[in-house]
Structure formats: structure tokens, C-alpha cells
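Open your viewer, switch to a cartoon view and keep the selection box at hand. We will go from stop to stop, and at each one you will hear what to select and what is there.

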Amino acid sequence: MSTADLRKRFEAAFMPNYGVPPAALARGEGCRVWDADGREYLDLIAGIAVSSLGHAHPALVEAVSAQAATIAHTSNLFLNEPEVLLAERLLGLLGGDGRVFLANSGTEANEAALKLAIKYGKTNGRTYFVATENGFHGRSMGALSLTGKKAIREPFGPFAIDVRFVPYGDADALNAAVDEQCAAVFLEPTQGEAGVVPPPHGYFAEARRICDASGALFVADEIQSAIGRTGAWFAFQHENARPDVLTLAKGLGGGLPIGACVAFGGHGEIFAKGDHGSTFGGNPVSAAAALAVLDTIEKDGLLANAAAVGETLASGLDTIGHPLLKGVRGRGLWRAAVLTGPHAPAVEAAARDAGFLINALQPDALRLAPPLVLTEEQARSFTTAFPSILDAAASAVKES
Ligand SMILES: *Cc1c(COP(=O)(O)O)cnc(C)c1O
């Protein structure tokens, strides 16, 4: 089926919550993808920071195929070897003393963290939560209640839990908002959906200190930032500020659905038997995929690759002098190209016409979150093409 056919049928069959996406992707290999009409693109968004090994990576294909051919599902009535190996592997990367809950998405990982924090609060007389303006933690009712993006939150309120929002990156505001009644603080190490917005350096370490002083749980939502995205396994490592509870998803499964909630020290034992669960959580195919992702990142040195190629991408964009381009922010292979006006959709479309998939994340910001296997040469092919992409977008804007 052609892209045009698929788009028409998609529009008729699906709820309108996504609108109709511009292209249908049919297959991929490494950092390249092909649409339903056979057009080739360099994939610089990786299914929203998910396809960490790129597409059809042999290690992922082998792990998923072998596991599906052996046993694809056990439920939590039984345990399975891949889930045990994965939990141990994550704890090893995180320094040991924790416990893991496996879910199927980022939202579910945050729901688990929120339920942990609610239980922690009930046990300790702590009644409210703190999260950040413009933050994103998911769209289920629990995760949405922590989400500070007004446009997606307000249509579905009011919410059952008391969440107080503070400006992101402002340690004084955080300090003022957190007292002995606060059950937990939920923070992204860099706000992803808000536009890849890093806080001032030291903010995460300060949040750690504020939570230590007040006894509030420090929950780091690393769903978008972890598993090599910033050049480290976990973004909190850049400030050596390990949270009490950590949530993971996106890049962990390399394209297979999986989420994880890790709680450290005694917090790993907050849930008692029966407190939480998921039929698909700990699914052996997803767990095998995640193990292949972690092994490949380690074996192929992809943390160092993300750091180095991320610098190439950023410095290449930084040297472009163009009236539409204001600058670049972010770290590793997680960047936003910031524009001087609300032209991100036009730039996204012009990039696609030129054979590059990027994401108009905010009216004035484009997200780059390519596979961690992106090469220097691929990064340079984009930064070299970007000035003419901006020119094309500028004339499209002028004509409309
Ligand atoms: C994507 C994301 C989520 C939600 O994850 P889903 O897998 O879409 O449920 C939550 N928090 C952050 C920081 C995210 O980037």
C-alpha cells in the first residue's frame, strides 16, 4: 500500500488523537528507514528516542526471534529467565542495592513509582507531591496528574492527588515547595517533551540534597534520558545524584515495549505482595530485547559514540549562521535545534523532503534523538544539509 492509501485508511480507522502522520515507515536498517513509497531517510528521531540500536540490528533481531520461538509470554504467575537477568543487569549498572518492577511503557513505570510514593506518603504522614511546570510523565490519570504541560493536563482534571508545580531548573523554588509533608518529588534530568530543556548544572544534585533534608522521595523520570541517550547509562550520573526511585522505558527495549521502575535501598521493599502488577510486565521477549540492547551498548562502546557524535551534531549546528536558527541545546545524542520563530513544523517538513526525519517538538524547537549507532559521517550529512533545509522552510513559510 502507498503512503497516500495508508494515510486515508488510517484517518478512517483510528481515533483522531494523533492527527494523520505524514509518512508511513515500512522498513529500516541501521539509521536508515524507508517509507511505504520506497523513499529513503536518515532517521534522526528513532521513534522518539526508542530505537537505540537503530533498525533491524542483528543482536536485537536474534534475541527477539529466539525468545519468541522459545516462549513469548509467561505472565507473573510464573517467572522467566530473561526478566531475572534483566533486573540483575539493571541493578548492576545502578550500583546494586535496589529492586525492580517491570512494566510495558514509560507511563506504567511512572504509575508504579507514583503508587510507591503514595504508599510511602501514607506510611509517613506525607500528603502531597511536587513536579515541574512543563514536565512530562505520561498520560494515564496518575502520570498525567504529575504532568505539568497545561494543554494536555487541564482538559482531564481535576485529579485525585495533590501535585504542586514549580518552575523547572529553579532550585530555590523547589526548596521552598518541599517540606516534611511532601511524599515525593518527580523530576526529569532534562525536560524532554518540553523541548529538550536542560536545567542549570547542579540542579539535580541540589534536588537530591533537598529531598534528603526533607525526607521526600526523589523520583527521577529517566524514561527519555537514560540508556546512553546523553552519553552515560543514566543522566543522573552526570551530577552523581542517584535518586530513590528511577523510571526507565523508551531506549531500554530498542523498539520492544518495556518500562522499569527501580527503587533503591529500603524503598525497594515498599510494595508488599499484591500491591501492584501487570500481566505483560516482565515479558520474556521484551526482556530479551532489553538485554540485547544493554549488551550491544557495552560491547560496541555506544556510550562513547553517543557523546562523540552528539558533539559533532551540536558543533555542526552551532557553526551554521542562519536567520532561522537560534542555537542548539542538550547533551549526547539528545538535542534540540532552537529556532528564532515558530517555524519548527515547516523545518520538519523541509527536512523530510531532503531525506531526514526530525521532530517538531515545540513551535520553535526541533528534536534530534537518533539511534546511538549514528556515525560521525551521518551526523555531518545532516549538519551539511541543514542550511538548505532552513532556506526551504523559510521560503515555505513566506509563501503560506
Ligand atoms: C515518553 C515519556 C513518558 C511516557 O512514556 P510512554 O512510554 O509514552 O508511556 C514519561 N516520561 C517521560 C520523561 C517521557 O519522555
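**Stop 1: a lysine with an annotation**

Select Lys250. UniProt, in an unreviewed entry, annotates Lys250 as "modified residue: N6-(pyridoxal phosphate)lysine". Before you go on, keep in mind that the model on your screen is a predicted one.

Now show the cartoon around Lys250. This lysine is found in the loop between strand E9 (245–248) and strand E10 (259–264). Which residues does Lys250 touch, leaving out those up to four places away in sequence? Add Ile48, Ala49, Val50, Ile223 and Gln224 to your selection, and you have them.

**Stop 2: one of those neighbours, Ala49**

Keep Ala49 and hide the rest for a moment. Ala49 lies in helix H2. Its phi is near 60 degrees, a positive value in a residue other than glycine.

**Stop 3: the cavity**

Next, look for enclosed space. Rolling a probe the size of a water molecule over the atoms shows where empty space is left. How many cavities of 30 Å³ or more are counted here? The count comes to 1, and the largest cavity has a volume of about 30 Å³.

To see its walls, select Ala49, Ser52, Gln224, Ala226, Ile227, Arg229, Gly251 and Leu372, which line the largest cavity. Ala49 and Gln224 are familiar from the first stop, where both touch Lys250. Colour the lining by class and you get 4 nonpolar, 3 polar and 1 charged residues.

**Stop 4: the annotated binding sites**

Make a new selection of Gly106, Thr107, Phe136, Asp221, Glu222, Ile223, Gln224 and Thr279. UniProt lists these under "binding site", again in an unreviewed entry. They are spread over 174 residues of sequence and are also spread in space, with up to 25.2 Å between C-alpha atoms. Of these residues, Gln224 is included in the lining of the largest cavity. Glu222 has its place in the loop between strand E8 (217–221) and E9.

Then add Arg139 and Ser278, which are covered by a UniProt "binding site" annotation from an unreviewed entry as well. Of these residues, Arg139 is included in the lining of the largest pocket. You will find Arg139 in the loop between strand E5 (128–132) and helix H6 (141–146).

**Stop 5: the largest pocket**

Let us follow Arg139 to that pocket. The largest pocket holds about 1500 Å³ of space. Where is its centre? Select Tyr18, Ile48, Glu193, Asn359 and Arg367, which lie nearest to it among the 44 lining residues. Ile48 is another residue that touches Lys250.

Now colour the elements that give two or more residues to this lining: helix H2 (46–49), helix H5 (106–124), helix H12 (344–353), strand E13 (356–357) and strand E14 (359–362). Which element gives the most to the lining? That is E14, with 3 residues. By class, the lining divides into 20 nonpolar, 14 polar and 10 charged residues.

**Stop 6: the second largest pocket**

Move on to the second largest pocket, with about 750 Å³ of space. It is lined by 24 residues, and those closest to its centre are Val100, Phe101, Leu102, Phe271 and His276. Highlight H4, strand E4 (98–103) and E10, the elements that give two or more residues to the lining. E4 gives the most, with 4 residues. The lining has 12 nonpolar, 9 polar and 3 charged residues.

**Stop 7: two helices that cross**

Stay with H4 and bring in a partner. Two packed helices are described by the angle between their axes and the distance between the axes. Select helix H4 (residues 81–94) and helix H10 (residues 284–299): their axes come within 8 Å and cross at roughly 35 degrees. Is the crossing of H4 and H10 left-handed or right-handed? It is left-handed.

Show side chains where the helices meet. From H4, the residues include Leu86, Leu90 and Leu93, and from H10 they include Ala287, Leu291 and Leu294. By class, this contact has 11 nonpolar, no polar and 4 charged residues.

**Stop 8: a cis peptide bond**

For the last stop, zoom in on Gly157 and Pro158. The peptide bond from Gly157 to Pro158 is cis, with omega near 0 degrees. Pro158 lies in the loop between helix H7 (150–153) and strand E6 (163–166).

Note on methods: Residues are numbered from 1 along each chain as its sequence is written. This is a predicted model: local features need pLDDT of at least 70, side-chain atom pairs count only at pLDDT 80 or more; totals for chains, interfaces and linings use all residues. Side-chain values use heavy atoms; hydrogens and water are left out. UniProt positions are given in the numbering used here, feature names are shortened, and annotations may be inferred rather than shown by experiment. Contact means heavy atoms within 4.5 Å. Axes are lines fitted to C-alpha atoms, for helices over the stretch in contact, and angles run from 0 to 180 degrees between N-to-C directions. A crossing is left-handed if the near helix is turned anticlockwise from the far one by less than a right angle, and right-handed if clockwise. Ala, Val, Leu, Ile, Met, Phe, Trp, Tyr, Cys and Pro count as nonpolar, Asp, Glu, Lys and Arg as charged, and the others, Gly among them, as polar. On a 1 Å grid over the protein atoms alone, a cavity is a set of points where a 1.4 Å probe fits but cannot get out, and a pocket is an open set with protein on both sides within 12 Å along at least five of seven lines; lining residues have an atom within 4 Å of a point. Grid points are joined across faces, edges and corners, and a volume is the space filled by probe spheres set on the points.
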